[in-house]
Amino acid sequence: MTTLQAGSATVVGQVRAANEDSHRVLDDLVIVADGMGGHRGGAVASATTVQVVGDTATGGTLEDLVSAVQRANRQVFDDARADPSLRGMGTTVCLVGLVEHEGSAELAVLNVGDSRVYLLSGGLMEQLTEDHSLVETLVREGRLTPEDAEVHPQRNVLTRALGVDPGVAVDAWLLRPADGDRLLLCSDGLFNEVAEDRIAELLAEPDAPELVARRLCAEADAAGGRDNITVVVLDVSDTGRAPEPLVDRYRRFSTPAVDLFGEDDGPNTDTVLAVVGTGSPQGEAAVAGPSTGEPVAGEAEESAGDAEPEPGAAEPPVVPPPSPSAPIVTGDDDGAVRRSWWRVAVFAGALLGVVVLAFAAVTYVGGTGYHLGTVDDEVAVYRGRTWGTLWFSPQVEVRTGYSLDDLQAAGRRAVETNRDFDDVATAEGFITQNTTTTTTTTTTTTTTVPLPVPPVLPPGTPTPVVPVPLPPPVTVPTP
Ligand code: MN
């Protein structure tokens, strides 16, 4: 029988006055939530979420967990609407729970927002969740490198969170557990301060989960602690299974952003889960799942957040609710006075529109024309204007067969300054005319640098269930 052993730690960090993260460790379920919103809202949103999810996810299935997260979303949304001092609050949530699925024990992984779940297995650490953040969206679309994303000034901008709308789409996966699996749940206060390969190193230490969790928190705190840090480490044993590659044992589900728990219509037993198909955010196939009963009040085992309401704080202005697609901003890095998140969200939405337009324009112009450069010391013609490389990797259109040494001074200069040309033939002609040799025969090869493609499905994969393209694993050096 699959056994889970968890250990956790949380610290407020060096900058924040209060801890707005919450977490909860139950027998077969661990939850991390990172709250946001002025005054005490963030702490309330995250504490409410871990409490509601822990109390209502009692059915032991993936559907129950998704339903519990949607219930928590509705609770936070209602509380924010009912109390002006909580208006604008929201929270991320990620969780791992042991569930039964088609007769076998599986680990459910759920996520909304930018808290993360990682798996360390066989010396590899891989991120199991996808962040719902602006920068992550840009990375997925190939517009931003993961390295740039780590230091991007807008990395706090969320595209999805609990408490913002009456219904929420929940990302959900099932992981077939294996002996020796170690999972890590954390708020962004950890991975924004500590590099992933260092996280993997610390996670691989053969110590008890709680000690490892405390070490990870301490390292993020010492690295700056610009945000609250929460870490849960979960060890898996007694599965009777050896680790397999993630692609063979990890399946993705998703849910529509439905409001299952509106006050008027009450609990609803309609479709909860939809299996995700490749390339479509929500597949057509559906798995029906029962929803749980009324939320039960209970005490959260672990819920941080000792923020006091700020005395004399003015009532926030009445504003229309943000549109579902408006980005949501969590926290700030410098501890400055926090603006109402919606105000930032509206601004970020407008800014995003401008950025998208600018991107489209530059991509269009930058993607036309050609320029000179070198590849492996060989002079080549690249597709795109040189300043188009601000946005995307240039693609080699033609290799000329010449090295820089084969060119006259003028030709060399043109290559070194990446001179632009309107078409390939002119660019090639220019190089040929500027060679130091009189040879007129040149060999040219057309090479197109392939864009990264998602992994191909192995044959025999059940159709409705599709493995998710995974981020590159981090290798843990063996001691
Ligand atoms: Mn945070």
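Author: Two strands are said to pair when DSSP finds at least two bridges between them, and the pairings discussed below belong to a model that is predicted.

Reader: In β19, which residue is the bridge partner of Val381?

Author: It helps to begin with the two strands, since β18 and β19 (residues 395-403) pair in the antiparallel sense over five bridges. Within this pairing, the residue of β19 that is the bridge partner of Val381 is Val398.

Reader: Which residue stands opposite Ala380 of β18?

Author: Strand β18 also pairs with strand β17 (residues 370-375), in the antiparallel sense and over six bridges. These two strands form a hairpin with two residues between them, where Asp376 in the turn has a positive phi of about 50 degrees. On the β17 side, the residue that stands opposite Ala380 is Gly373.

Reader: How many of the six residues of strand β18 are buried?

Author: A residue counts as buried when its relative accessible area is under 20%. Strand β18 (residues 378-383) is largely enclosed by the rest of the structure, because the number of its six residues that are buried is five.

Reader: Which element gives the most residues to the largest nonpolar core?

Author: The largest nonpolar core has 25 residues, and those with the most contacts inside it are Leu65, Val69, Leu95 and Leu110. Several elements each supply at least two residues of this core, among them β3 (29-36), α1 (41-56), α2 (62-82) and β6 (104-112). One of the central residues, Leu110, touches Leu65, Val69 and Leu95, among others, when residues up to four places away in sequence are not counted. The element that gives the most to the core, with six residues, is α2.

Reader: How many residues apart in sequence are the parts that Asp34 and Asp188 tie together?

Author: Both residues belong to the site of the manganese ion, which is coordinated by Asp34, Asp188 and Asp227 through OD atoms at 2.1 to 2.2 Å. Along the chain, these donors follow the spacing D-x153-D-x38-D. Asp34 lies in strand β3 and Asp188 in helix α5 (residues 188-191), so the pair ties together parts whose separation in sequence is 154 residues.

Reader: Is Asp188 buried or exposed?

Author: The cut-off for a buried residue is a relative accessible area under 20%. Asp34, at 5% relative accessibility, counts as buried. For Asp188 the relative accessibility is 1%, so Asp188 counts as buried.

How values were computed
Residues are numbered from 1 along each chain as its sequence is written. This is a predicted model: local features need pLDDT of at least 70, side-chain atom pairs count only at pLDDT 80 or more; totals for chains, interfaces and linings use all residues. Side-chain values use heavy atoms; hydrogens and water are left out. A nonpolar core is a set of buried Ala, Val, Leu, Ile, Met, Phe, Trp, Tyr and Cys residues joined through side-chain atoms within 4.5 Å. Buried means under 20% relative accessible area, exposed over 50%, partly exposed in between (1.4 Å probe, protein chains only). Helices (H or I, at least four residues) and strands (E, at least two) are DSSP runs, numbered from the N terminus. Contact means heavy atoms within 4.5 Å. Donors are N, O and S atoms within 2.8 Å of the metal (3.2 Å for Na, K and Ca); water is not among the atoms, so sites may look incomplete.
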